[in-house]
Amino acid sequence: MIAAVANTEKPSSDVSINAPSTASRAILQRQHAQQQWAATPVRQRLAILKRARHRMAAEPQRFADAISPALARTPADTLATELMPLLDACRFLERNADALLRPRLLGDQGRPFWLRGVTAEVRRDPFGHILVIGPTNFPLFLPGVQVMQALAAGNSVTWKPGTGGAPVAHLFADALFASGLLPSLLTITADTVAASELALAQAPNKVIFTGSAQAGKDVLALLALSTTPAVVELSGADAVIVLPGADLPRVARALAFGLRLNGGAVCMSPRRLLALGDTMTALLPLLERELEAVPAVAIPGGTAARLRTLLDQAVATGARLRGDLNPAAQRPILVTSALPTMPITHADIFAPVLSLMTVSTVPKFPDVYAECPYALTAAIFGPEQASLDLAGQLRAGTVLINDLIAPTADPRIPFTGRDASGFGATRGPEGLLEMTAPKAVLIQRSRKPRHYDPTGPPHAPFFAAAIRATHGATWLQRLSALRHVAKIAMKL
């Protein structure tokens, strides 16, 4: 994913900052609107989302046209990867959010005996105001789902689009406003660094960030000063592992798809290919044949310069290149004889480049995979049971078996990273609950709560016996301790 806040981008000179009194009034108005929105029944909130979904579905081409033409994709790709999964996620919320956000009453089972008379429930409160900082590479789907989840949970939202993402963000907001959402509940900012800085300065209650690892660290450093919680979906350098017995023509097609999609500028694009020696030998000609049909894409100057450095380093330490660097019309580049210690094998770079690493034995796959600090997704191709066994050994937010990228758009599943790829969840039930804070409500219904009474010397043996009666290793030990509890209790 492309950083939502690029280090090279400079604040635009035409950004004006409101006077504190005006800003304060706007924040107070937003807080009032959010409180009313949070008090609105969930079903009524979801009804607005449903009407907005129907509006967006009625004019798909308009949404596709609003997304930057600079992205390397066909109109069909845009509809399939942006609008379709966004609307699927909205429908998931319509069907499930009410139950997921409902207070959860805790019954008697599992409650400690000494808390009898206390009833408990867990509620999900909206945080208040959520700041969504979106990426450039998928300007509608990724932040759009997060905005919908935040609104469904009862929050107000500020959406800072990635570069070039403002037009489609405004189109999305217009659909919600026309469906009944108060404009004060959703603000779309400019797509500049200055807009990010201003939005962060306005004390959001939680931040949902999608972008590069470095930009994420910069945002987290600011949030640490105010202990503001965050969900951060950061970079990936994802691996494809090919086990013995894999369908190699399928693997080659999948890799070509991964390097073609959005010009290879996807956080889940394959960057590392791990296989045994004979598997790699058999796969390479199939892969090269499939890559012939992958169109060339233009890559930014800064990305090209970084890629050149990485390729030069790889070649200097023994790697070989299949393909040439041509930023104006970049075709896929294969880095063969790559080693897991090479910087290119753990670089979060948005370019159609794939490092091929030969692994000596199947048990070594987890170790070679773990050399990279990013742990967003991994794909395994091979017999299903062997792939499942390996999946359990990989540290990743998502593991796909015999496919890559596309199944992660399922609205039922969370999307989450680990290690340098971030933390927290977006999408799925877990993503919705990220927009809320748990609140426990405990009701004491006992007329004579004994814990108010001071303790004395006789109480220590009582509690010691009660502990043994509750947690003794055998039923005989527990029964003996229970009898002891009864005898002491008669004397208290």
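Which residue in S15 is the bridge partner of Ala-379? It is Leu-400. This is a predicted model, and that pairing is a good place to enter it.

Strand S14 covers residues 377-381. Strand S15 covers residues 398-401. The two strands pair in the parallel sense, over four bridges. Between them the chain passes through helix H13, residues 384-391. The resulting β-α-β crossover from S14 to S15 is right-handed.

S15 has two unlike faces. Thr-398 and Leu-400 sit on the covered face. Val-399 and Ile-401 sit on the uncovered one. In a regular strand, side chains alternate between the two faces of the sheet. Leu-400 thus appears twice: on the covered face of S15, and as the bridge partner of Ala-379.

Both residues turn up again at a cavity. The model has three cavities of 30 Å³ or more. The largest holds about 60 Å³ of space. Ala-379 and Leu-400 are among its lining residues. From the stretch around Ala-379, Thr-377 and Ala-378 also line the largest cavity. Leu-404 and Ile-405 belong to the lining too. The rest of the lining is Asp-238, Ala-239, Val-240, Met-268 and Pro-270. Two strands, S8 (238-242) and S14, each supply at least two residues of this lining. What is the lining of the largest cavity by class? Nine residues are nonpolar, one is polar and one is charged. Asp-238 is the charged one, because Asp counts as charged.

The second largest cavity has a volume of about 40 Å³. Which elements give two or more residues to its lining? They are helix H4 (75-101) and helix H5 (141-152). H4 provides the largest share, three residues. Ala-89, Phe-92 and Leu-93 are part of the lining. So are Val-145 and Gln-149. Pro-411, Arg-427 and Gly-428 complete the lining. By class, five of the lining residues are nonpolar, two are polar and one is charged.

Next come the aromatic rings. How many aromatic pairs does the model have? The count is two. A pair of aromatic rings is described by the distance of the centres and the angle of the planes. Trp-159 and Phe-172 form an edge-to-face pair, at 5.3 Å centre to centre and 80° between the planes. Trp-159 lies in strand S4 (residues 156-160) and Phe-172 in helix H6 (residues 166-178), so this pair ties together parts that are 13 residues apart in sequence. Are the two residues buried or exposed? Trp-159 is buried, with a relative accessible area of 0%. Phe-172 is buried as well, at 0% relative accessibility.

The other pair is Phe-462 with Phe-463. Their ring centres are 5.4 Å apart and their planes stand at 75°, so this pair is edge-to-face. Phe-462 has 18% relative accessibility and counts as buried, because the cut-off is under 20%. Phe-463, at 44%, counts as partly exposed.

Now step back to the whole chain. The protein chain has 492 residues, and buried residues make up 48% of them. There are 16 helices and 20 strands. Along the principal axes, the C-alpha atoms fill a box of roughly 90 × 60 × 40 Å.

To return to the starting point: Ala-379 and Leu-400 are bridge partners, and both line the largest cavity.

Conventions
Residues are numbered from 1 along each chain as its sequence is written. This is a predicted model: local features need pLDDT of at least 70, side-chain atom pairs count only at pLDDT 80 or more; totals for chains, interfaces and linings use all residues. Side-chain values use heavy atoms; hydrogens and water are left out. Buried means under 20% relative accessible area, exposed over 50%, partly exposed in between (1.4 Å probe, protein chains only). Two strands pair if DSSP finds at least two bridges between them. A crossover is right-handed if, with the strands pointing away from the viewer, the path from the first strand over the helix to the second runs clockwise. Rings of Phe, Tyr and Trp (its six-membered ring) pair if their centres lie within 6.5 Å; planes under 30 degrees apart count as stacked, over 60 as edge-to-face and the rest as tilted. On a 1 Å grid over the protein atoms alone, a cavity is a set of points where a 1.4 Å probe fits but cannot get out, and a pocket is an open set with protein on both sides within 12 Å along at least five of seven lines; lining residues have an atom within 4 Å of a point. Grid points are joined across faces, edges and corners, and a volume is the space filled by probe spheres set on the points.
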